[in-house]
Amino acid sequence: MKLKGETSHPKTYGSMMSAYASKGMWADALDLLDSMLESGAVPNPITLNLAIESCIEGKEYRRALDVYYEAKANQQPVDEVTHRLVMEACRRGRMAPQATMLLESMAQESFGVTTSAFNVYINLVGSTREWEEAVALFEEMDERGLQRDIFSYNAVIASCMKAGAWEKSLEMLDLIKANAGVEPNGFTYSATISACAQDAPTQALMLFQDMKAVGLSPTEFSYCAALNACKASKDPASTRFILSEAMDWLKSSSSSSSSSPSSSSSLSLGIPVYTCAIEALLALGDTDEAMALYLEANDIIQESGRDVEGAVNFRAATVELRQRHWKDTWREIQSSPAMVEPEGIFTERWSRPTELDAPDQVVHNNIRDVLRASPEHAEEEARQVMKEIDEDEVIRRLQEQGVVDVVRAMQQGEEQEQEQQMDEGVIVVAEEDIGEEWEEVDPLEIPEIRKALNDDHDNDDE
């Protein structure tokens, strides 16, 4: 990359490098760094750090290390921020051996190993669920003469959370409270609540209230942790109370994210909270309210028009709920007066229901509403509902959800039989649930269904 005119000015280098770093444009950043060296300019630590940061944002973690080691080889100046950034690259890239070597390299610098870099190292070790090793490193900070900060404690608590070591996480929280120079923050409480959620749900719910009592506002992480505790405790009162709070928080976050698109809530749209809320309701056996939340969250995902953080986990966590819902809906339709007619549209077209998410859900709900409102005219009105279905839209929605691709993958033997049955594209209902012979319906049969419907419509017109 060649620079022209005034672009060789150090401030211009810095401005360009900053722009590349903010967008993760690592290739352009490295080209700019090469151009500086070719022109005889020596990158200062700020410019070097921005080049490393651009690699991290672009998920080129090994390249970030290469930039650092090349700078060291060329005797270019580095600072404490440089060390923290390269350690962060090791953490995100899960490069523990390289991180250990970096610690040795840092110790040779005039400023030595810093607290911030060592905190990242503890995080890296803790991310492998080696919480005892993370605790050992925390204690080693005294030997290294490093002053612990809240991030040091949080690194250990996060490790305990991942490993389920809830007793140690509580011990670390008590240590923070006893340390006059350190104050727990929102992550401290949220991670401790999450650590306790499964095996000590009562303690987790008490911590959630303590968090608010000390003036810390719950976040998406906090509500997910608390709702997971509700799921484990199966306490109706706690679940309803925290669920109400979480829904109010979601509404508030939704309105604030519309005015601040860059906020964290705009990335996930609250889907992780919906997922945890649904699981907590299912633990209580409240399928109806869980389904209502599912439909609400599903609309948010569909309307976003993009990948939403937490959507994959949401789909996986709600498979059983959706299967149960369609079974219940099918029983309603089966027990309706229209099913008595031998030539009824339901026996012709709905004897093998498939779980096709939003499009089919609308069809089932419309038919169910027709039956409830006027069962004596259900046959005629249901046929009208069928005629109004935009089948091209159904197929498009299926393709958006990846159902067609998944089914093709199944046919190629890329999925195991059990995974096929749990897939979003097809729901298998047991024979005893529908009272007649059952076979799995493939969404790829939709063209044939469309043809059959068209034939029926032509016959009706005649």
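Trainee: What percentage of the residues of the protein chain count as buried?
Mentor: Good place to start! This is a predicted model, and its protein chain has 462 residues. A residue is called buried when its relative accessible area is under 20%. By that cut-off, the share of buried residues in the chain is 47%.

Trainee: How many helices and how many strands are there in the protein chain?
Mentor: Both kinds of element were looked for along the chain, and strands come to zero. The count of helices is 27.

Trainee: Among contacts between residues at least 6 apart in sequence, what percentage join residues at least 24 apart?
Mentor: Contact here means heavy atoms within 4.5 Å. Taking the contacts between residues at least 6 apart in sequence, the part that joins residues at least 24 apart is 65%.

Trainee: Let's look at single helices. What span should the 13 residues of helix H2 have?
Mentor: Helix H2 runs over residues 26-38, and we reckon 1.5 Å a residue. The expected span uses one less than the number of residues. The end C-alpha atoms of H2 agree with the expectation, which is 18 Å.

Trainee: Which residues of H2 are buried, and which residue just after H2 takes a positive phi?
Mentor: The buried set in H2 is made up of Ala29, Leu30, Leu32, Leu33, Ser35 and Met36. An α-helix has 3.6 residues a turn, so residues three or four places apart point the same way. Just past the end of H2, a positive phi of about 90 degrees belongs to Gly40.

Trainee: How many residues of H16 are buried?
Mentor: Helix H16 covers residues 271-284, and its reach from first to last C-alpha is 20 Å, close to the 20 Å expected. The buried residues include Ile271, Tyr274, Ile278 and Leu282. After the helix comes Gly285, with a positive phi near 85 degrees. H16 is mostly covered, and of its 14 residues the buried ones number 11.

Trainee: Now for pairs of helices. How do H2 and H4 run relative to each other: roughly parallel or roughly antiparallel?
Mentor: H2 and helix H4 (residues 61-73) pack with their axes 12 Å apart, at an angle of about 15 degrees. An angle under 35 degrees meets the cut-off, so H2 and H4 are roughly parallel.

Trainee: Which residues in H4 do the H2 residues meet?
Mentor: The crossing of this pair, H2 and H4, is left-handed. From H2 come Trp26, Leu30, Leu33 and Leu37. By class, the contact has five nonpolar, no polar and two charged residues. On the H4 side, the partners are Arg63, Val67 and Glu70.

Trainee: What is the handedness of the crossing where H3 passes H5?
Mentor: Helix H3 (residues 45-57) and helix H5 (residues 80-92) have axes that come within 10 Å and cross at roughly 15 degrees. That makes H3 roughly parallel to H5. The contact includes Leu48 and Ile52 of H3 along with Leu85 and Val86 of H5. As for its handedness, the crossing of H3 and H5 is left-handed.

Trainee: How many charged residues does the contact of H5 with H7 have?
Mentor: H5 and helix H7 (residues 115-126) pack at about 5 degrees, with axes 8 Å apart. That makes H5 roughly parallel to H7. Among the residues in contact are His83 and Arg84 of H5 and Ala117 and Tyr121 of H7. Sorted by class, there are six nonpolar residues and three polar ones, and the charged ones number three.

Trainee: Why does His83 count as buried?
Mentor: His83 sits in helix H5. Setting aside neighbours within four places in sequence, the contacts of His83 include Tyr68, Met106 and Phe111. The cut-off for buried is under 20%, and His83 meets it because its relative accessibility is 0%.

Trainee: How far apart are the C-alpha atoms of Pro45 and Gln76?
Mentor: Pro45 belongs to helix H3. Beyond residues up to four places away in sequence, Pro45 touches Pro77, Val78 and Asp79. Pro45 and Gln76 are 31 residues apart along the chain, and their C-alpha atoms are separated by 8.0 Å.

Trainee: Is Gln75 buried or exposed?
Mentor: Gln75 lies in the loop between H4 and H5. Its phi is positive, near 60 degrees, in a residue other than glycine. The cut-off for exposed is over 50%, and Gln75 has a relative accessible area of 74%, so Gln75 is exposed.

Technical notes:
Residues numbered from 1 in each chain as written. Predicted model: local features only at pLDDT ≥ 70, side-chain atom pairs only at ≥ 80, totals over all residues. Heavy atoms only, no water. Axes fitted to C-alpha atoms, helices over the stretch in contact; angles between N-to-C directions. Helix = DSSP H or I, 4+ residues; strand = E, 2+ residues; numbered from the N terminus. Parallel < 35°, antiparallel > 145°, perpendicular 65-115°, else oblique. Left-handed = near helix turned anticlockwise from the far one by under 90°. Buried < 20%, exposed > 50% of the residue type's maximum accessible area, 1.4 Å probe, protein only. Nonpolar A, V, L, I, M, F, W, Y, C, P; charged D, E, K, R; others polar.
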